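Dear colleague,

I am handing over the structure we spoke about, and it is placed directly below. After it I set out what was found, so that you can follow along in your viewer.

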Amino acid sequence: MIHKQFILAVLLVILLPLQLPLNMSAANTTSRIIHVAKTGLDSNVGNEKTPLLTISKAETLAQPGDQIIIHKGTYREMIVLHSEGTSMDKRITYMAASGEDVIIKGSERVKSWVKQGGNIWRAEIAENVFRGFNPFVIWINKETPTAHLGNVYMNNNPLKEKLTIDEVGRVEGSWVTTQENGKTNLLANFGKLNPNKELAEINVRSAAFSTIDSGASYIVLDGFKIAQIASPMAAINGEQPGAIAVNGGTYWLVQNCSLSDCKSVAISIGQTGHSYPNANPGNPEYRDLSRDISEVGHHVIRHNHIFRCGQAGIYGLLHGTCSEISDNLIEDINTNNEFSTEETAGIRLAMAVDVIVNHNLVRRVNGTTEGGYGLFLGPLFQGARISRNVISDTRRSCIYLYNNHGPALFDNNILSGPGKESKEGVRMESAEANVFVQNLFYDCGFSNIRIPGKTFATSNYLAHSLVIKQTIPALPRDDHWYSNLFIKGGLDQLEGDAGCEADYNVYSDSASTCSWGDKHSKVVVGSAKFKLVGSAYSIGLKLNNESIPKVSCPTLSPSFMGFFALSKQFIEYPDGRAITIDKDFSGNSTSESSRIPGPFYQYPKLDSIVPLFNYQK
Amino acid sequence: MKQFYQLNTKKLKSVLSLVIALILSGTLPLQAQVLSLDTPQQYHPQAFVHPGLLHTTKDLARMKEMVANQIEPWKSGFEKFKASSYSSSEWTPHPAEHVERSLLLGAGKNIGDLEKDVCAAYQNALMWTITGDEAHARTAIAILNAWSKTFKIFDGTDVELGAGLCGFKLANAAEIMRCTYPAWSPAEIKQCQAMFMNVFYPPIQYFALWAHGNWDLACMKEMMAIGVFCDNHALFDKAVDFYYKGPGNGSLIHYIINESGQCQESGRDQPHSQLGIGHLSEMCEIGWSQGLDMYGAVNNRLLKGFEYTAKYNLGEEVPFEPHSDASGRFPASKISISGRGNLRSIYEMVLNHYKNRVGLPAEQYKYTKMAADKLRPEGAGFNADNPGFGTLLFSLKGENNLNVGNK
């Protein structure tokens with residue numbers, strides 16, 4: 001019998017590659033389509049009628065150019081990518097079948113709960129369930145251990161971790177864990193629900209899609225619902241895991257996915273970094289990462305819904321370079337304040353040269369006295385363009401820019417800050433040459449300071465490359481502010497650092513101009529009645545636009561915005577073409593030099609809502 | 001020439017008025033890295049004088065005559081010059097396709113070979129005009145041709161310095177040889193000009209606004225030199241414009257920051273301060289060759305920088321005003337003792353201008369003269385930094401002659 005099974009297995013291994021070409025894609029004659037379904041078997045050939053059972057099995061068969069189509073159902077597995085594509089035409093694609101819900105979970109269902117009295121239930125989890133990664137023994141923060149990486153879920157909603165059984169007894173929807181006799185004990189208060197009949201789940205995996213150590217390139221992930229991943233905490237100068245983790249890989253496309261309840265990072269486009277205690281001008285930080293720019297980044301992270309994640313929605317060192325992050329809805333980050341690090345943000349990127357962050361909605365990012373940013377860039381984001389994003393309800397600044405020589409462009413963004421009095425809104429530390437045009441800043445604080453302490457040797461690069469051109473300290477200077485709309489908080493909070501310019505702006509709701517510019521800017525008496533009108537998946541803007549005067553402003557041309565001699569570049573596209581800002585948030589143009597500052601040249605009639613972002617599920 | 005001087009005086013009047021007004025108002029604009037790329041005004045619309053960099057025909061003739069007649073101080077200056085290995089007609093060039101000057105540990109390609117070769121080219125060109133020994137002419141041409149045929153890529157973190165310093169000496173060599181050695185073919189000259197425009201100029205075209213002033217100045221003097229050798233007036237004007245009103249640390253008033261002569265790099269160290277004022281003086285000397293009195297700008301500001309620097313390096317005290325430079329990156333609260341007393345070979349050129357050409361009262365160049373006297377005969381410049389050998393190259397006969405360009 002065993003002998004027959006062995007022969008069958010050998011035949012399958014031999015024949016499978018021969019049979020798969022029968023399922024050739026019409027678009028690419030050399031690619032194959034491999035199907036995966038919950039009705040399948042991993043011993044199947046993987047065509048539509050006899051699909052595989054697991055995505056991981058399909059991964060072992062995937063070759064450059066192949067498409068793996070996954071059909072509806074919940075897949076409880078971590079797919080470790082060993083194979084990669086070889087070019088944009090030969091990517092390996094993992095996609096949900098059209099119109100089908102494909103859920104990938106980092107959790108396992110638990111049905112062995114034993115009632116302890118009251119609403120408290122107890123489950124004893126054997127170590128082998130975790131397969132070497134037990135998130136219930138790992139604290140998120142070792143220094144202040146208040147929450148583990150693991151979590152308990154009831155009907156897809158996370159429960160709140162407590163530190164004592166007494167607390168769990170008092171709080172419905174909470175749990176506590178202990179280790180006894182080599183097993184993980186979970187005590188949870190499910191209220192009136194019976195966890196053995198309802199859907200009770202616990203984290204057991206650290207990622208949905210990860211890669212081998214050297215990373216994998218040319219991968220497409222499309223249309224998945226990824227949830228309940230116990231992704232460990234990431235550090236820019238350390239490991240950077242995530243529910244989806246490129247781990248140094250390049251040229252990924254991640255689109256149309258939802259990622260929820262990822263404990264730390266949802267999508268990591270980074271790689272393991274390290275600290276640089278002996279950095280100096282001759283050997284600056286991240287020098288070891290400098291290489292051919294075509295060999296890093298180039299990811300496209302597009303139209304994803306990231307919510308209820310702890311540390312960051314999108315995160316990474318180096319491989320944000322030449323990447324595009326667009327149309328993503330990132331919300332409810334660090335809701336439980338389990339992360340007390342500066343590295344908590346909707347989007348957090350370092351060494352992200354020529355990155356484009358376009359039209360994302362980032363809202364409700366929590367934090368403590370540290371962290372809780374909408375977008376945190378740095379060190380090193382030369383050539384970045386941050387455009388048409390809506391960022392609101394952040395614990396700290398909407399935008400935090402750290403240690404960079406610039407230039408970088410911020411245009412047509414709507415930033416609703418945490419309050420001018422908090423001095424948070426646009427926070428900069430030794431961030432040079434940031435050009436802000438046509439943005440709307442609501443109740444934002446503004447600051448740019450020199451990084452205290454040790455003088456850093458900060459690299460800048462030959463334009464659109466990672467070739468180090470200079471290693472000198474970055475300073476707070478050369479920021480330009482043109483044609484912006486400031487409501488409640490103005491540039492009076494900024495000192496006139498060297499090379500800083502501000503003009504052609506409008507200030508409303510008691511926002512004040514700066515003392516070192518704003519010669520042609522206008523101040524409005526009264527209120528613009530700014531309001532962001534949010535709902536699930538969308539947000540809009542209400543504004544008393546009639547109160548906003550037009551300002552005659554020169555064309556926001558490359559020469560007007562400045563030639564940045566240190567980096568030897570204008571404000572430019574990644575391909576080197578200089579950028580003229582001649583379109584507003586909606587893509588409308590105007591030939592009039594006299595126009596309304598901020599992200600809209602025109603507004604609809606009074607009291608109507610201007611749509612800003614609508615995530616199409 | 002006199003007519004031209006008057007014309008330029010008129011054109012410069014508005015520029016200098018602005019500069020002086022800014023100084024008096026104490027509101028010098030600080031710009032860390034944003035550079036206006038506006039076309040500068042024309043400072044030199046008519047044809048260039050050739051040779052017209054550090055040495056005109058008259059200068060070369062004077063050196064030749066004085067050395068031939070064994071007249072001091074040229075005699076001892078020449079002995080020192082001749083003893084330099086770079087003055088040997090036996091010099092063999094080591095051209096490279098790629099040169100990198102870099103601060104990064106482990107980086108750097110062929111920059112040492114280039115620095116040595118440009119010194120050899122310049123000094124052999126001068127040896128040829130002084131001695132008439134054609135072997136030197138052949139060596140100078142061999143170096144120029146070897147590099148202009150081979151050199152394609154110049155890069156590295158410090159490429160502005162590499163291109164500025166090396167290109168300047170090489171351009172001076174080329175300018176002398178084009179005017180004195182007919183055997184250097186038009187095709188070879190064209191090839192050399194192409195090298196300057198395509199390899200040396202691109203790295204310096206935007207100056208170095210983020211750096212200490214000697215960086216800007218290396219770019220400026222090289223740009224001026226390429227302008228003359230390639231008969232490119234736009235480059236010449238761009239460099240001269242930066243001298244008068246450039247936003248970086250290299251402009252005259254940003255480098256010699258006040259009337260006491262304090263320099264932008266005085267708080268950094270003394271060798272760089274001397275390097276910087278040396279660069280400024282070389283620009284002035286080229287300007288003089290072409291009929292511009294850049295020496296006289298802002299009430300002889302250059303001389304004040306030399307006096308201040310010489311005085312301090314001769315052991316006397318000088319006032320120091322706490323200062324933040326034009327880029328804001330290099331604040332200084334006190335003068336630097338680093339390198340104090342190590343006089344560089346930069347003083348003869350400036351002394352001879354103000355003493356023998358302009359005829360200023362002796363007290364105005366007291367310390368510059370003391371420095372020159374102490375060094376005389378001046379030796380080599382440090383690496384390719386400055387031309388050096390000022391006793392031979394820039395000593396004048398003692399004539400006072402206020403006519404600009406009358407060399």
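The notes below take up one strand and its partners, and then the contact between the chains.

Please keep in mind that this is a predicted model. I would begin with strand S49 of chain A, residues 538–542, where the side chains alternate: Ile539(A) and Leu541(A) point to one face and are buried, whereas Ser538(A), Gly540(A) and Lys542(A) point to the other and are not buried. In a regular strand, side chains are expected to alternate in this way between the two faces of the sheet.

S49(A) pairs with strand S48(A), residues 531–535, in the antiparallel sense over 5 bridges, and within this pairing Leu541(A), one of the buried residues, is the bridge partner of Leu532(A). The hairpin formed by S48(A) and S49(A) has 2 residues between the strands, and in it Tyr537(A) takes a positive phi near 75°.

S49(A) is also joined by 4 bridges to strand S53(A), residues 610–614, and these two strands again run antiparallel; here the buried Ile539(A) stands opposite Phe613(A).

Turning to the two chains, 17 residues of chain B are in contact with 24 residues of chain A, and the side of chain B that touches chain A comprises 12 nonpolar, 4 polar and 1 charged residues. Strand pairing also links the chains, since strand S51(A), residues 563–564, and strand S1(B), residues 34–35, run antiparallel and are joined by 2 bridges, with Phe563(A) standing opposite Leu35(B).

With best regards

Terms used:
Residues numbered from 1 in each chain as written. Chains lettered and ligands numbered in written order. Predicted model: local features only at pLDDT ≥ 70, side-chain atom pairs only at ≥ 80, totals over all residues. Buried ≥ 20, exposed ≤ 12 C-beta atoms within 10 Å, placed from the backbone. Pairing = 2+ DSSP bridges. Contact = placed C-beta atoms within 7 Å. Nonpolar A, V, L, I, M, F, W, Y, C, P; charged D, E, K, R; others polar.
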